[in-house]
Amino acid sequence: MKRFFMLLSLAAVPLLAQSTSSTPAADGKPSVAQTQTLTPEQKKDLAGYDFTGAVKKLSAPAPVSAPSSSVPAARIPPLQERAVASATPTAPIPAGWKPPHADLNSTALEATAVASNWEAAFNLATPGADGRVVYMFGAGMPVLVCAPLRVCVLELEQGEHIQSQPQIGDSRRWDVTPVTSGSGVDQMPLLIVKPIEPGLDTDLIIPTDRRTYVVRLVSDPTRYVSRVAFRYPADDHAKWSAFQVQQDAARRDAELAAEQAAAAQKERDKKDGVVEMAPNAIDKLYFDYKVQGDPNLLPDRVIDDGQHTYIFYPDNNRFRELPTLMIVANGKSELVNFRVEGSKYVVDRLFDKAILIVGVGKKQTKVTITRNQHYVKG
């Protein structure tokens, strides 16, 4: 169509020239159109031009030619984006410029220093069972090194429960999935950790019903740690404390049982006439006593343990009347306190000479007891 209008314009030029050439200007001078006359050759070409056929050809739809299989189609080049220059030029960074930050007072600086010391503290990684790398909980920030296309596992304590979703500093490039191992009271919570690319460094916080874990996560192209577990020194201390409490309770129970047994034995000994001696009596027992007098009144034996004197009689109920015991000191006889336990006399002192007497007057019988070695008062 554009070509059609161009041809029409060309055809209109001679007609316009003819019409303008026959009309003189008002001032008698030749006009601009009069000066632009056609040559005889141009007039001949315009007279023989087929304007009607040209209009028909231009009005007909253009034929669509099938693409030739032999000639490959031209490849459309990719779109090239031009770098658009910024209308506003970038200002140079001033010397000494620093990114915006909050002013920290001495308390905040001390707190960050303490936190940095804990994060940088050396937490010895020790080998555990089944390929575990074991960290001591609370000794410093543990580090889990993982690699893309590898699975790393964080193992918590048996019976521990994760209370809420673990929080990670970079949740877009790290994948953390909770799973469990075992059942019942022995169930162990696990966290499956996977990075999507190397060179990452972030931290992970795990809240449980017993403690809060803070773990540093680092991704490396090839190096990784498959399993990380923990030792809990606070739990070890608690276990030892509980064990000590059990031991103390067992000792108290044993002492109480021993006291009850001793009391029961003492009652039985009292009934059976067994002599109760001092704890060190066996080292101080003294047997060398001389007994003289009425054969019917003679005791079986006389001994002392350094504190008490024991006079033993046979358990045959020979006496209708118990003999009276008197101590001879400085040539004088004096009564002394004693107690009878079964068939023995127990005197709460030592003596050099004593007399056992039964009856009075002419019917009186007696036995003299003499300690062959003079005792020394303590």
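**Stop 1: the disulfide**

Start with the disulfide count, which comes to one; a disulfide here is a pair of cysteine sulfur atoms within 2.5 Å. Select Cys146 and Cys152. Their sulfur atoms lie 2.2 Å apart. A disulfide is a covalent bond between the sulfur atoms of two cysteines. Look along the S-S bond of Cys146 and Cys152: the torsion is about 105°, so this disulfide is right-handed. Cys146 has 0% relative accessibility and counts as buried. Cys152, at 0% relative accessibility, counts as buried too. Buried means under 20% relative accessible area, exposed over 50%, and partly exposed in between (1.4 Å probe, protein chains only).

This is a predicted model: local features need pLDDT of at least 70, side-chain atom pairs count only at pLDDT 80 or more, and totals for chains, interfaces and linings use all residues. Residues are numbered from 1 along each chain as its sequence is written, and side-chain values use heavy atoms, with hydrogens and water left out.

**Stop 2: the loop between β3 and β4**

Now select Leu149. It sits in the loop between β3 and β4. Helices (H or I, at least four residues) and strands (E, at least two) are DSSP runs, numbered from the N terminus. Leu149 is exposed, with a relative accessible area of 87%. Check its backbone: phi is near 70°, a positive value in a residue other than glycine. Most residues other than glycine have a negative phi.

Go on to Asn330, in the loop between β14 (324-329) and β15 (332-335). Its phi is near 55°, also positive in a residue other than glycine. Asn330 is exposed, with a relative accessible area of 81%.

**Stop 3: the largest nonpolar core**

A nonpolar core is a set of buried Ala, Val, Leu, Ile, Met, Phe, Trp, Tyr and Cys residues joined through side-chain atoms within 4.5 Å. The largest one has 19 residues; select Leu144, Leu154 and Phe230, which touch the most other members. Next, color the strands β3 (143-146), β4 (152-155), β7 (188-195), β8 (201-207), β9 (212-219) and β10 (227-231), each of which supplies at least two residues of this core. β9 gives the most, with three residues.

Which residues does Phe230 touch, not counting residues up to four places away in sequence? They are Val134, Tyr135, Pro142, Leu154, Glu155, Tyr213 and Val215. Contact means heavy atoms within 4.5 Å.

Apart from the largest core lies another, of 17 residues; among them are Ile311, Ile327, Val347 and Phe351.

**Stop 4: the largest pocket**

Keep Phe230 selected. Add Leu156, Glu157, Gln158 and Tyr232. Of the 13 residues lining the largest pocket, these five lie nearest its centre. β10 and α6 (233-272) each supply at least two residues of the lining. On a 1 Å grid over the protein atoms alone, a pocket is an open set of points where a 1.4 Å probe fits, with protein on both sides within 12 Å along at least five of seven lines; lining residues have an atom within 4 Å of a point.

**Stop 5: Ala234**

Move to Ala234, in helix α6. Ala234 is exposed, with a relative accessible area of 57%. Measure from here to Gly138: the two are 96 residues apart in sequence and 9.3 Å apart in space, C-alpha to C-alpha.

**Last stop: the whole protein**

Zoom out. The protein has seven helices and 19 strands. Of its 378 residues, 25% count as buried. Residues 24 or more positions apart account for 59% of the contacts with a separation of 6 or more.
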